[in-house]
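Biologist: I would like to learn how to read a structure like this one. Please start with the basic terms.

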Amino acid sequence: MLALGIFDIGMRMYHGLLTAVGVFHPKAKAITSGQRNAISQVSQWRQRHPNEKVLWMHVASLGEFEQGRPVLELFKVQHPEAKIVLTFYSPSGYEVRKNYAGADLITYLPLDTKSNMDSWCEVLRPSMLALVKYEVWPNMLRALGKRDIPVVMLSAVFYEQQRFFGWQRNFWISILKNVSFFHVQDDRSKKLLESISLRNIEVSGDTRYDRVFEIAQKAQLSARYKEWKGESIVVVLGSSYKEEEEAIKDLIQEYPEVKWVIAPHHIEEENIQRIETTFQGLTQRATQVEITQHLPILILNTMGELGGLYKMGEIAVIGGGWGKGIHNVLEPASHGCAVVWGPRAEKFIEAQLMLAHHAGIQVLTKEDLANQLRGLINDSDKRDAIGKNAKELVELQAGASAKVLKTIGEFWR
């Protein structure tokens, strides 16, 4: 309890600091404002729905939402009478999905203090919590455990460097014991949990495979994009940063017959203008009324289109490998693209699985990235083989959602 009290004080100090930063930083302001309003928001909603059973799902941000989404949607089909409350920690996830039709209420998670989480549980009265990946908050899990509310963790990933297995392990073991069932992505995660005496664990894979497979099946390519592509090979830079963009600069001149889609991770006007300056006279924006066929670079300055645009790509370069870590490699894989990514991928099981199945390429330097792209552009057999392996891997790995849903259904009943 002492450790939890210290954590409580730390959270309040963090919230105060974030509030001060919020004067100058919109994202920090959005987090603190959302946290403050969450309990009153759910209280007003509960007054309108006093008796319904609630499945609560919590996610950190957009990526975790996409992991949880297939489970939510399958659950709603099986239990149409249920109410679904979805909470986010990050504004970047909340802002994009705040109007998602699959949930009855979407809000922020309150600041993780004892009083907040006790109030939250008393007001929301969830029948259970579905917790995505490893978004573990101590007071949240303690409040749920105290009330015997089941918690199912899905698509979870654990590795040795996490706080759960370090010098604070005894504290985190006491918190994780409030999780009723762990659906993990790999054997390593299962063994790590078992090493700290946790049970009720199943290796069920990553529910994102189900989501990307579904998206790929439904994806439609508009006529304007098809016309722009023509007979060209298309290379898509997904969630790119300047490192990936700079690596292709010379290739634009070397391969005038190739088309390039740059979908930057940040689509603010300043960043779009930076890209336009880098590739002076060669770019056009997706938001233009007409797309000019002779310009080789299409800047995707929109949200929500990237998953579909992989459909017209033969090669995909995924950003983040020279930053905090790579972004989504599964979306292009589901469309049969030959996928390439940078060095920071050690924590991404899906990328390691793709490497093991010859379904993707990892590079360590920007020079290596340019050379690998040359090889893929020049060698259609290699390009097609990697893309075929990637697509087959996604199809093979699909099915995790059904396993998670079975567990959730058992606790729900």
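Modeller: Contact means heavy atoms within 4.5 Å. Leaving aside neighbours within four places in sequence, Met-140 is in contact with Trp-56, Leu-109, Asp-112, Met-117, Leu-129, Leu-131 and Glu-135.

Biologist: What should I know about the source of the coordinates?

Modeller: This is a predicted model, in which local features need pLDDT of at least 70 and side-chain atom pairs count only at pLDDT 80 or more, while totals for chains, interfaces and linings use all residues. Residues are numbered from 1 along each chain as its sequence is written, and side-chain values use heavy atoms, with hydrogens and water left out.

Biologist: Which residues touch the most other members of the largest nonpolar core?

Modeller: A nonpolar core is a set of buried Ala, Val, Leu, Ile, Met, Phe, Trp, Tyr and Cys residues joined through side-chain atoms within 4.5 Å. Buried means under 20% relative accessible area, exposed over 50%, and partly exposed in between, with a 1.4 Å probe and protein chains only. The largest core has 47 residues, and those touching the most other members are Trp-56, Trp-120, Met-140, Leu-141, Leu-144, Phe-158 and Phe-182. Another core, of 34 residues, lies apart from it and includes Val-212, Ala-333, Val-339 and Met-354.

Biologist: Val-339 belongs to that other core. Which residues of its strand, β13, are buried?

Modeller: In a regular strand the side chains alternate between the two faces of the sheet. Helices (H or I, at least four residues) and strands (E, at least two) are DSSP runs, numbered from the N terminus. In strand β13 (residues 338-341), Ala-338 and Val-340 are buried on one side, and Val-339 and Trp-341 are buried on the other.

Biologist: How is β13 paired, and in what order do the strands of the sheet come?

Modeller: Strands of a sheet pair through backbone hydrogen bonds, either parallel or antiparallel. Two strands count as paired if DSSP finds at least two bridges between them. Strand β12 (residues 315-318) runs parallel to β13 and is joined to it by 4 bridges, with Ile-318 opposite Trp-341. Strand β14 (residues 361-362) also pairs with β13 in the parallel sense, over 2 bridges, and here Trp-341 stands opposite Gln-362. The open sheet has 7 strands in the order β10-β11-β9-β8-β12-β13-β14, with parallel pairing. Its edge strands, β10 (283-285) and β14, each pair on one side only.

Biologist: What packs on the sheet?

Modeller: Axes are lines fitted to C-alpha atoms, for helices over the stretch in contact, and angles run from 0 to 180 degrees between N-to-C directions. Helix α17 (residues 366-378) packs on the sheet, touching β8 (234-240), β9 (259-264), β12, β13 and β14, and its direction makes about 165° with that of β12. Helix α18 (residues 380-397) also packs there, touching β12, β13 and β14, at about 85° to the direction of β13.

Biologist: How many salt bridges does the structure hold?

Modeller: A salt bridge is a side-chain nitrogen of Lys or Arg within 4 Å of a carboxyl oxygen of Asp or Glu. The structure holds 26 of them. In one, the closest N and O atoms of Glu-73 and Arg-69 are 2.8 Å apart. These two residues are separated by about one helical turn because they are 4 residues apart in helix α3 (residues 62-78). Glu-73 is partly exposed at 26%, whereas Arg-69 is buried at 15%.

Biologist: Which parts does the bridge between Asp-104 and Lys-83 tie together?

Modeller: Their side chains meet at 3.9 Å, N to O. Asp-104 lies in the loop between α4 (91-97) and β3 (105-108) and Lys-83 in strand β2 (residues 83-88), so the pair ties together parts 21 residues apart in sequence.
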